[in-house]
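Here is a short tour to read alongside the picture. Take a look first, then follow the text from place to place.

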Amino acid sequence: MTSTEVLLSGPRILPAAGLDGDFWATQSENLLFGAVAIVVFLIIVVLVMYGADLIKGRFREKITLVVLIAPVLFLLGVGLIWPALDTTWLSFNTVTDAPDPDTGIYTTSMQFAGLDNYRFALSDSSTLRTILNTFVWMILVPLLSTGFGLAYAVFIDKAKGEKVLKSLVFMPMAISLVGASVIWGNIMYDYQQVGEQTGMLNALRSLVGLDPYNFLADDPLNTFWLIIILVWIQTGFAMVILSAAIKGVPAELNEAASLDGANAWQRFRSITIPSIRSTIVVVLTTITIMALKVYDIVRTVTQGRNSTDIVANRMYVLSFVEGRESLGAALAVILFVFVVPIVIYNVRSLNKVKETR
Amino acid sequence: MSTSMQPPVQQPLKEGKDRAGKATSRSKKAKENLTSPWATAAAIVIAMVWTIPTIALFMNALIPGDRYRTDPWWSVMADGELTFENFNYVLFDSFGDSASSPPLLANVMNSIVVTVPSVVFPVVLALMAAYAFAWIPFRGSNFLFVLIFALQVVPLQLALIPLLRILGPENLGLAGEFGGVWIAHTIFALPLCVFLLHNFVSHIPREVLEAARVDGASHTQVFFRIIIPLSLPAIASIAIFQFLWVWNDLLVSAVFGSNSTYPLTYPISNLAGDYGQYAYLVPPAAFISMIIPLIVFFSLQRYFVRGLLAGSTKG
């Protein structure tokens, strides 16, 4: 069938693909495979643990210890630490994928390139814009999510129906970033050049007599509209955590202050905020890390068009679509550099807590 | 991510009870002062902005294909033409940029097959390590734990290319298979799972474990008879957290999966940016992808919140 036929006939007239004949055979095979994998895994764990227990003498404890921690250390070493180092090394090289002049077979060769990839990333204007956008995400998402989350947590604290009000704002946490991207990109921000506006926000605009606005094409504000999607998801997270912290503030403090004539805003500023400061920091850093890694939103809504690209998405496209792995690796390392301060801060506070124990 | 050393599960519960007990007349007065009409209005606006988009998605899912690009859902509803047919079509007939695209039911099944083992594997392995780090003193324990803690923050992007090579055809041959996706998800989940479970396991009262050890119980016996039963609430919280994370994931599935393993997020993400004649299939598909997480979320919200709090509140 040609593409014109598809266009003329519309979506419903052509016979749809449907489930193929052995659909359920394949699916039950997959489900069985998953179930068997889980059972085999659990049996191995139990057998190895009790196997270590059978050993007599002074080695028993040591071997049990190895059994307990070796799987995690092995998986993290081979699957995370070594790959991270390898990616870093790759970022200092150039990978060329060229056909061998004699045999014609494509071969991959790696050449040390020093800082070339980084030099390119930091001089190429579109990549530079990608890095700048990521920086904007990293700043705005945590600030806005925490701000909205804190405000909402305070407003509804001890209100009637607090639980229901909380789950309304918390609900987007259960939705995938792809789902949220569809909700906002395809429905809230939808824009029609002609005819009636089908998008919620543009329909609202025409209701009050404003011209329709192409949210996703308006550089540089479009990055902000994408950021709103992640804020919409992360606010619930911030709200739940901060709300628990607010409830941990001793009621006596607020009562004493209000007897002294402090109004709500003064109590919020001089009692609530200082009491929950450490929680606010945790929420801010957690959301910052999240905001850096997220690529789903940009990939789903704009695919990086109209200067909305961010490092996480660019890295994916370079490495897995365009085959420019070493440049992708350099971007991954740049992403890591953004979080290094947070790693250091977190490790320090962890050690502080351990010392005081 | 966090520095909490508090028993994660008891904490929120206890606070809730304390609060309820303290609702004296004096604190009621303080409460009245806190809730100004402006704050209430702002709360209502926030609650609406956070709810209406999801409702709008559902309404859009009901618009028939021939009216999707031209009419908003309220016009279609006024004409009485909203239909559930789209859900049927997307699940059993076709989802994609042509009528010959396969339907979404296969991806629903893939999501299940990808998710369940990707929850069991990391939680079990992490609980084992958490017990060792919390209760078995050994040289380097502290260093290794801090290292795992720090790994929580490392962006997955840093590991993708080499890990794909390890799982790829030249080595393990698991890339594009469910096995490869499970392994990748397990690895990426371990740092947070170890950390959260360690928080919990390390707060099991010392006397309980020592009594068992004095009676001659080995580490294996302590693990199966004491640690697992006592940690069940924490395991539940972390399992729910991991379930939602894996079910909603796109990156790991896109990199380590293939057409035979892609979960719901993958085809939806692909079609969402395509504003052609098949755009009307995106809202029903997105809504389908949300049903299971929303059920899990609303029925087990309490555990989910506990899991989050365990990872984020400071003691």
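A quick definition before we start: helices here are DSSP runs of H or I with at least four residues, and they are numbered from the N terminus. Also keep in mind that this is a predicted model.

**Two domains in chain A**

Let's begin with the overall layout. The domain assignment splits out domain 1 of chain A at residues 24-90 and domain 2 of chain A at residues 125-356. Between the C-alpha centres of these two domains there are 35 Å.

**Some unusual backbone spots**

Now zoom in on the loops of chain A. Which residues are joined by a cis peptide bond? They are A:Asp219 and A:Pro220, and omega there is about 5°. You'll find A:Pro220 in the loop that runs between helix H8 (200-207) and helix H9 (221-248) of chain A.

Further along, the loop between helix H13 (296-301) and helix H14 (311-321) of chain A holds A:Gln303. A:Ser307 also sits in the loop between H13 and H14 of chain A. Here is how this pair looks:

| Residue | Phi | C-beta neighbours within 10 Å |
|---|---|---|
| A:Gln303 | about 55° | 17 other C-beta atoms |
| A:Ser307 | about 55° | 17 C-beta neighbours |

A:Gln303 has a positive phi although it isn't a glycine, and A:Ser307 has a positive phi without being a glycine either. Are they buried or exposed? A:Gln303 is partly exposed, because it has 17 other C-beta atoms within 10 Å, while buried would take 20 or more and exposed 12 or fewer. A:Ser307 has 17 C-beta neighbours inside 10 Å, so it counts as partly exposed too.

**Two helices that cross**

Back to helix H9 of chain A, this time with a partner. The axes of helix H5 (residues 125-156) of chain A and H9(A) come within 6 Å and cross at roughly 40°. That angle is why H5(A) is called oblique to H9(A). The crossing of H5(A) past H9(A) is right-handed. And who takes part? The contact of H5(A) with H9(A) has 17 nonpolar residues, eight polar and no charged.

**Where the chains meet**

Finally, step back to see both chains. How many residues does the contact take from each chain? Chain A gives 123 residues and chain B gives 113 residues. On the side of chain B that touches chain A, the largest share is 14 residues from helix H7 (residues 105-135) of chain B. That side of chain B divides into 74 nonpolar, 30 polar and nine charged residues.

Technical notes
Residues numbered from 1 in each chain as written. Chains lettered and ligands numbered in written order. Predicted model: local features only at pLDDT ≥ 70, side-chain atom pairs only at ≥ 80, totals over all residues. Domains from an automatic or database assignment. Helix = DSSP H or I, 4+ residues; strand = E, 2+ residues; numbered from the N terminus. Contact = placed C-beta atoms within 7 Å. Nonpolar A, V, L, I, M, F, W, Y, C, P; charged D, E, K, R; others polar. Axes fitted to C-alpha atoms, helices over the stretch in contact; angles between N-to-C directions. Parallel < 35°, antiparallel > 145°, perpendicular 65-115°, else oblique. Left-handed = near helix turned anticlockwise from the far one by under 90°.
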